[in-house]
Amino acid sequence: MKKALLLFIIVFVSLPSIHSQENYKNKHEKLIYENKDFYDVKVYPDDIKFKKHPKNIILLIGDGMGVAQVFAGITANRGMLNIATMKNIGFSKTQSADNYITDSAAGGTALACGVKTKNGVIGEDPDGNKVKSILEIAEENGKATGLVATSAITHATPASFIAHVPNRRMYEEIATDFVNSGIDVFIGGGYDFFVKRKDGRNLEKEMEDKGYSFYTSLDSVPESVKSKLAVLTAPKHNPQMPERGNMLPEATEKALDVLDGSSTEGFFLMVEGSQIDWGGHQNDVAYITRELLDFDKAVGKALEYAATHKNTLVIVTADHETGGLSNTGKSIKDGIVEGAFTVGHHTGIMVPVFAFGPGAEEFRGIYENVEIFKKMKALYNFK
Ligand code: MG
Ligand code: ZN
């Protein structure tokens, strides 16, 4: 009898603790990330003689990338990132027209079009008027243009540069806005929104008639293929790292290869690390850090181009922070990141802005997100 009671006590006392250990383990795995894949970062000299004005701008947006996400990357890569070599640094205030906490549609529209709009809205002001994006203005001024993302290319951030719709979930309408945009290269997911559509249109066919070449993987694009190029690498979103491989840095390199010399007027390119945000929503330090490092490698490609083409400005920023991440411990020497989250969605904290190249000093200070559009427009000398 005594034995039975003892067994009863052991089972009932240890069951919840086994259970909470499991929880702890799951939580622990999501809050700690040990990086094994370190890479070198090139530091460019301070005395590069840049041109006075940029003819080309490469804007790289880490969706959901706050300071803690950047520092997770710095910690994971043992103290250095490409982003961290950029010396002109500011902060962007991300509030939308109707909310202290922006979503990626209003956040993207602020960066792309220079207006604060309502959450969920793409390329329109709060009254529903369409507003031109920096990409569209660049097109009008004869520049070559490009978009690269790891999400579907019709997702909120890239969509803000090309589409005008009242609701970010109108993916097929957003795809339609690519047809007459004049864009020279776009690489991302979202093939289905171009070809498997409720309205029966085949945008691949329509755009091929306009001179575009469509591919579904970067490897299949012949070296000789330049503008106009569409590479839609997934039916919807691309998988996360490491399954995705080097798609983002390679797509950035490919886009720069297409845009380089494509117009005598220069180019505008937006590159998005789309999934840093999704790691934040999942409160997953490993997901965030892997995506941050991948994004940083794309930044490295942009910096390399800018260091050798002295008329090219590189801007790295975010649309908002996600997760309220904090860096709570572990080791820079060993590349181990530990974090904690305050929320499962976006926060209202300022996000960093890093710049390199002609006009980079303009990005110092604290300002509203819409100023980034205005600064780009002014530096391009657009009316
Ligand atoms: Mg995004
Ligand atoms: Zn988000």
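How many salt bridges does a search of the whole structure find? I ran that first and got 22. Note to self: this is a predicted model.

**Entry: E368 and K116**

I picked E368 to start with. Its side chain meets that of K116 in a salt bridge, 2.6 Å from N to O. I then checked where the two sit: E368 is in strand β15, K116 is in the loop between α3 and α4, and they are 252 residues apart, so I logged the pair as a link between distant parts of the chain. Buried or exposed? I looked up both ends. E368 comes out at 30% relative accessibility, so I put it down as partly exposed. K116, at 22%, is also partly exposed. I followed the contacts outward too, and K93 joins K116 and E368 in a network of salt bridges.

**Entry: D257 and K226**

Next pair on my list. D257 and K226 form a salt bridge whose closest N and O atoms are 2.9 Å apart. D257 belongs to helix α9 (residues 247-259), while K226 is in the loop between β6 (213-215) and β7 (229-232), so this bridge ties together parts 31 residues apart in sequence. For D257 I have a relative accessibility of 28%, which means partly exposed. K226 has a relative accessible area of 34% and is partly exposed as well.

**Entry: K374 and E371**

Here I stayed inside one helix. K374 forms a salt bridge with E371, and their closest N and O atoms are 3.6 Å apart. Both residues lie in helix α12 (residues 370-379), three residues apart, or about one turn of the helix. I have K374 as partly exposed, with a relative accessible area of 40%, and E371 as partly exposed at 27%.

**Entry: D125, no partner**

Which side chain of opposite charge is nearest to D125? I found K118, but it is 8.3 Å away. D125 is buried and has no salt bridge. Since a salt bridge needs the nitrogen within 4 Å of a carboxyl oxygen, K118 at 8.3 Å can't count as a partner. I placed D125 in the loop between α3 (104-113) and α4 (134-140). I did find a polar neighbour: the backbone nitrogen of D127 is 2.9 Å from a polar atom of the D125 side chain.

**Entry: the magnesium ion**

Which residues coordinate the magnesium ion (ligand 1)? I get D63 (OD), T157 (OG1) and E272 (OE), at 2.0 to 2.2 Å. Along the chain, these donors follow the spacing D-x93-T-x114-E. D63 is in the loop between β2 (56-62) and α2 (67-76) and E272 is in strand β8 (residues 267-273), so the pair ties together parts 209 residues apart in sequence. I checked accessibility for both of these acids. D63 is at 2% relative accessibility, which means buried. E272 is at 0%, so buried too.

**Entry: a nonpolar patch**

Last look, at the surface. I349, M350 and I366 make a nonpolar patch of about 280 Å². I366 sits in strand β15 (residues 365-368), and I remembered that strand from the first pair, as E368 is in β15. Buried or exposed, then, for I366? With a relative accessible area of 54%, I366 is exposed, because the cut-off for that is over 50%.

Notes:
Residues numbered from 1 in each chain as written. Chains lettered and ligands numbered in written order. Predicted model: local features only at pLDDT ≥ 70, side-chain atom pairs only at ≥ 80, totals over all residues. Heavy atoms only, no water. Donors = N, O, S within 2.8 Å, 3.2 Å for Na, K, Ca; no water. Helix = DSSP H or I, 4+ residues; strand = E, 2+ residues; numbered from the N terminus. Buried < 20%, exposed > 50% of the residue type's maximum accessible area, 1.4 Å probe, protein only. Patch = residues over 30% accessible without salt bridge, like charges linked within 9 Å, V, L, I, M, F, W, Y side chains within 5 Å. Areas by Shrake-Rupley, 256 points an atom, 1.4 Å probe, with all protein chains shown as cover. Lys, Arg positive; Asp, Glu negative; His and termini not counted. Polar contact = N/O pair within 3.5 Å; in protein donor to acceptor, adjacent residues only side chain to side chain.
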